[in-house]
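Welcome, and please open your viewer with the selection box ready. We will go from stop to stop, with a residue to pick at each one.

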Amino acid sequence: MLSSQWHSYMVIFALCAFKTTCLDNFIAAVYEHAVIMQPESLRPVTHVEALDLMNKNMDILEQAIISAAKQGAHIIVTPEYGIFGFIFDRINVYPYLEDIPHPKVNWTPCTDSKRFANTAVQERLSCMARNNSIYVVANIGDRKTCDPTVAKCPSNGYYQYNANVVYDSEGKLVARYYKKYMLTNEVQFDSLMEPELVTFDTTFGKFGILTGFDILFRDPALTLVEKLKVDTIVLPVAWTNNLPYLYPTSFHAAWAMGMRVNLLVANIRNTVNQMSGSGIYAPDSPKVFYFDINSKNGTLLLAQLDSHPKFSLPVNWSSYANSIEPFSTEQEEFKASILFDKFTFKELVNDSGNYSVCQKTLCCHLSYKMSEKRTDEVYVLGAFDGLHIAEREYYVQICTLLKCLTTMLETCGQPVENASTLFDMFSLSGTFDSKHVFPEMLLSGLQTAPGEFKILNDGRIINENGTSRPVLMVTLFGRQYEKNKPTNASVEQEIALLMRIITMVFVFYSAVW
């Protein structure tokens, strides 16, 4: 590890010497793209048709890149699936794929387009970076030949990967990253046996690369931050509106704060799938963010960031909660699900009070005061300690102050977008086993609330001066990276999990309708 860090320092030194100076800060850009899809995504297309669609999307991305560069941006991140859209079929996605070489080949596609065959998309992205003197991060598809007679080789003779590519300001390919953690419907792509740890050095800091829900897993996310010491993470995503605690803007802001790194998130814009939510986040606060699933146009965001974020004092997330006895109340507990996670809840029956609720080793403590206790709204304190099984499997500990959908307790945990209850103060804490806890707050109208809460060194998230809008959710999301589920689960386990999820989805929608 020491040798790799020394190599990193030498690379940065060489870069700075060549550019005459290292930058203390830089301007970052992300572009939320309303991707153009094939009108018939299930119909096979030719390579010419595929390239035509990708060029239409790149026409739009190029205008965003030009605009960002004119405003002084040093780097721009574009979304996952932002060039070829959603094609959840191995055969149908093949015409959109190119063979992306490893960056060690020292290649600038814009000036050396004939070196490798079938690289039109890579050439164009490289030229966008070179012509505008800006780093470009884009998501495209990669294919690698394999021997069909080998057991692990797919039947079409190719491994297919969801890939991020990075081109520097001269158009050189400097990084390639394969997404590791796929959703169950992403059958068009393969996943490496072991996750990659991909970084690239610039004169404005050291960067790490992730895609989508890779951010939730120890390798690569935690290792990039804690062992490889990156300053900034770039994250192309196709992130859905996962209320309450995986809502894109609030969760990504919380993750940057909890991990104490910069985070550049470019989401896809898709009204049908309720996809939106991009932002530029620093450890101290979100710099700029955006969410609008109704708009049909893309959005360019820019903000200045410190090249090397100044770390705040570390938080002991369980210090306060472990120092007190659970609050005693006569209020009965009840169970309800958020997504597929069975929470333990207590209803907040008065306009102020002190509550505790426990599940397994996690005890959550809440002190609060509402401006008034409304009869048409119900709030609860909830705790969950266990294996989360929605988009993937991973261990979490969650303490949450939450508004229920209706006054019926069985609706607690269902998505809520509006509220009417203001809080004069609150203090939420938990006996977390992990040091990786992400503090979130959502206000009525799905408004992320930077500056409306403080994190104390003893692990409390507090508001002492009242909220500016009614509260939807205040959450401490603890990710137990140390308890990652093994990646070599058996086929039988995967099938059992899939059947479990299908059953839960059926039950959920039956209840809703």
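The tour below starts in the nonpolar cores, moves to a buried threonine, and then visits some backbone features.

Before selecting anything, note that this is a predicted model, in which local features need pLDDT of at least 70 and side-chain atom pairs count only at pLDDT 80 or more, while totals for chains, interfaces and linings use all residues. Numbering runs from 1 along each chain as its sequence is written, and side-chain values use heavy atoms, with hydrogens and water left out.

**Stop 1: the cores.** Select Ile75, Trp255 and Leu264, the residues with the most contacts inside the largest nonpolar core, which has 103 residues. A nonpolar core here is a set of buried Ala, Val, Leu, Ile, Met, Phe, Trp, Tyr and Cys residues joined through side-chain atoms within 4.5 Å. Buried means under 20% relative accessible area, exposed over 50%, and partly exposed in between, with a 1.4 Å probe and protein chains only.

Now keep Ile75 and show what surrounds it. Leaving aside neighbours within four places in sequence, Ile75 is in contact (heavy atoms within 4.5 Å) with residues including Phe26, Ile134, Phe200, Val234 and Leu264. Next, pick Ala64, Val121, Val136 and Met275: these are among the members of a second, separate core of 44 residues.

**Stop 2: Thr475.** Go to strand β24 (residues 471-479) and select Thr475. Helices (H or I, at least four residues) and strands (E, at least two) are DSSP runs, numbered from the N terminus. Is Thr475 buried or exposed? Thr475 counts as buried because its relative accessibility is 0%.

Add Thr400 to the selection, and you will find a polar contact of 2.9 Å joining the two side chains of Thr475 and Thr400. Such a contact is a pair of N or O atoms within 3.5 Å; within protein, one must be able to donate a hydrogen and the other to accept it, and residues adjacent in sequence count only if both atoms are side-chain atoms. Beyond four places in sequence, Thr475 also has Tyr245, Leu428 and Phe438 among its contacts.

**Stop 3: cis prolines.** Pro220 sits in helix α5 (residues 218-226), and the peptide bond leading to Pro220 from Asp219 is cis, with omega near 20°. Then move to the loop between β8 (232-237) and α6 (248-259) for Pro244; the Leu243 to Pro244 bond is cis, with omega near 0°.

**Stop 4: positive phi.** Finish with Arg260, in the loop between α6 and β9 (262-267). This non-glycine residue has a positive phi, near 60°, and Arg260 counts as partly exposed because its relative accessibility is 26%.
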